[in-house]
Amino acid sequence: MKPTETADRPLVSVVIPCYNQAHFLREAIESALAQTYTPLEIVVVDDGSTDDTFAVAQSYGDRVVAVRQPNAGLSAARNAAIRASNGAFVVLLDSDDKLLPSGVASRVRFLLEDPEVAIVTGYYREMDAEGTLLPRIPELRKPTAQPALYQTVRRNWGPPVGWTIRRSALERCGLFDPLLRSCEDWDLLIRLSSRYGFAYDPEVGAHYRQLPGQMSRNSLVMYDAGLTVLRKNAAYAKNKWTYGLWARFGQFQHGRRILYNVLTTGRPGDRLRELVRVTLRRPGLLWIGALSAFSFLTGKRPSA
C-alpha cells in the first residue's frame with residue numbers, strides 16, 4: 001500500500017540495487033526503515049544475485065518492494081528500482097552503505113525549499129567492511145554562485161550515497177546510462193545540472209563503505225569512464241571552448257582522486273607498482289600527478 005503523502009510531505013523512495021551482497025543488504029534496509037522522514041518506501045532490486053539477496057529483501061514483507069531481474073549492472077539495477085518506485089523524490093542507497101536516521105529528512109528539505117533544485121548531494125563518512133568509521137575525513141564541499149553545469153563538470157560531488165533526486169527531473173533528463181561501467185553518477189549529475197540547480201547538504205547523512213576490489217578502486221576503468229562522461233556531455237554546453245576548459249579541471253580532479261586511491265591502497269611496494277602501471281597505460285595521469293604534487297607542496301589539501 002502506498003504511504004499517505006501530502007504536499008509538504010511527499011513520498012520519498014529509497015532505491016537499493018544489490019548484486020551478491022546479501023550480507024550487507026539487511027543493514028542498508030534497516031537504515032532506510034529507521035529514517036525520521038515519512039512517508040517513505042523502500043525498493044530493492046536483486047540484479048541477478050546468486051546469494052540470498054532476494055530472500056533478504058522479501059523477508060521484510062510489505063515494508064520493502066522486492067524486484068528481481070537478470071544481471072544487468074549497477075546502472076540498469078538503479079533504473080529498474082526507480083521505475084518500480086512511486087516517490088516524488090528518489091534517494092540512492094547502495095546495498096553496502098547505510099543512511100543515518102535524519103539523512104533523508106535533511107536532504108529532502110533542500111528540494112522542498114527550492115523547486116529549481118533537482119538533486120541534493122551531501123557530506124558523508126567512510127566505513128570499513130565491519131562498519132567501523134575510517135579516520136580519513138572527506139572534504140566538505142560548498143556550491144558557489146557559478147552555473148550548476150560549470151560546477152558539476154569541474155568535479156564529481158560524489159559518492160552517490162544518499163543522493164536525493166527530484167523524479168520530474170529524472171523524467172526530463174533521463175536515468176543512469178547503462179553503457180557506462182563507472183562514473184555513471186557523475187554523468188547523471190552533469191545532465192541534471194544542465195537544466196536544474198543542485199544543492200549540497202553539509203550534514204553527514206550517510207556512511208559509505210570502502211571495500212577492496214570495488215569499482216572506485218579500478219583505476220583504468222575509472223579514468224576512461226571519466227573522460228567518456230566529460231566528452232559525451234559537451235553537447236549541453238552553450239560555449240564549447242568554455243566547456244573544454246571546465247572539462248580540463250574536471251579531468252584533473254578526477255585523475256587526482258584516482259591517484260589518491262592508488263597511493264593509499266595496499267602495501268607500499270604494491271602502490272608503487274600500481275602507480276607505474278596506471279601512468280604508463282594512461283600518460284594523461286602524469287600531468288595530473290605533477291600538478292597534484294605541486295598543489296600539495298604549496299599547502300593545498302592533499303586529497304579530495
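**Reasoning from values to names**

User: Why does Asp177 count as buried?

Analyst: Asp177 has a relative accessibility of 15%, and the term buried applies under 20%. Asp177 therefore counts as buried. Please note that the model is a predicted one.

User: What makes the contact between Lys232 and Asp177 a salt bridge?

Analyst: The side chains of Lys232 and Asp177 meet at 3.5 Å, N to O. The limit for a Lys or Arg nitrogen and an Asp or Glu carboxyl oxygen is 4 Å, so the pair qualifies as a salt bridge. The two residues are 55 apart along the chain: Lys232 belongs to helix α8 (residues 219-232), while Asp177 lies in the loop between α6 (167-173) and α7 (184-193). In the whole structure, a search finds 16 salt bridges.

User: Why is Lys232 called partly exposed?

Analyst: Its relative accessible area is 34%. Partly exposed covers the range between buried, under 20%, and exposed, over 50%, so Lys232 falls into that middle class.

User: How do you know that Asp270 and Arg273 form a salt bridge?

Analyst: Their closest N to O distance is 2.4 Å, which lies within the 4 Å limit. Both residues are in helix α10 (residues 268-281), three residues apart, and are therefore separated by about one helical turn. Asp270 also forms a salt bridge with Arg267, with the closest N and O atoms 3.1 Å apart.

User: Are these partners of Asp270, Arg267 and Arg273, buried or exposed?

Analyst: Arg267 has a relative accessible area of 59% and Arg273 has 55%. The class exposed begins over 50%, so both arginines are exposed. Asp270, at 27%, counts as partly exposed.

User: What makes Tyr150 and Trp246 an edge-to-face pair?

Analyst: Two values decide this. The ring centres are 4.9 Å apart, and rings pair within 6.5 Å. The planes stand at 80 degrees, and an angle over 60 counts as edge-to-face. Tyr150 and Trp246 are therefore an edge-to-face pair. The pair links helix α5 (residues 148-154), which holds Tyr150, to helix α9, which holds Trp246, across 96 residues of chain. The count of aromatic pairs comes to five.

User: Why are Tyr150 and Trp246 both called buried?

Analyst: Tyr150 has 13% relative accessibility and Trp246 has 15%. Each value is under 20%, so each residue counts as buried.

User: How do you know that Arg154 sits over the ring of Phe249?

Analyst: Arg154 lies over the face of Phe249, at 4.1 Å from the ring centre, and the distance limit is 6 Å. Arg155 lies over the face of Trp157 in a similar way, at 5.8 Å from the ring centre. Phe249 also belongs, with Trp241 and Leu245, to a nonpolar surface patch with about 360 Å² of accessible area together.

User: What makes β5 and β7 edge strands?

Analyst: In the open sheet of three strands, the order is β5-β10-β7 and the pairing is mixed. β5 (98-99) and β7 (125-127) each have a single partner strand, so one side of each lacks a neighbour in the sheet. β5 pairs with β10 (residues 206-209) in the antiparallel sense over two bridges, and at least two bridges are required for a pair.

Technical notes
Residues numbered from 1 in each chain as written. Predicted model: local features only at pLDDT ≥ 70, side-chain atom pairs only at ≥ 80, totals over all residues. Heavy atoms only, no water. Helix = DSSP H or I, 4+ residues; strand = E, 2+ residues; numbered from the N terminus. Buried < 20%, exposed > 50% of the residue type's maximum accessible area, 1.4 Å probe, protein only. Patch = residues over 30% accessible without salt bridge, like charges linked within 9 Å, V, L, I, M, F, W, Y side chains within 5 Å. Areas by Shrake-Rupley, 256 points an atom, 1.4 Å probe, with all protein chains shown as cover. Phe/Tyr/Trp six-rings, centres within 6.5 Å; stacked < 30°, edge-to-face > 60°. Lys NZ or Arg CZ within 6 Å of the ring centre and 35° of its normal.
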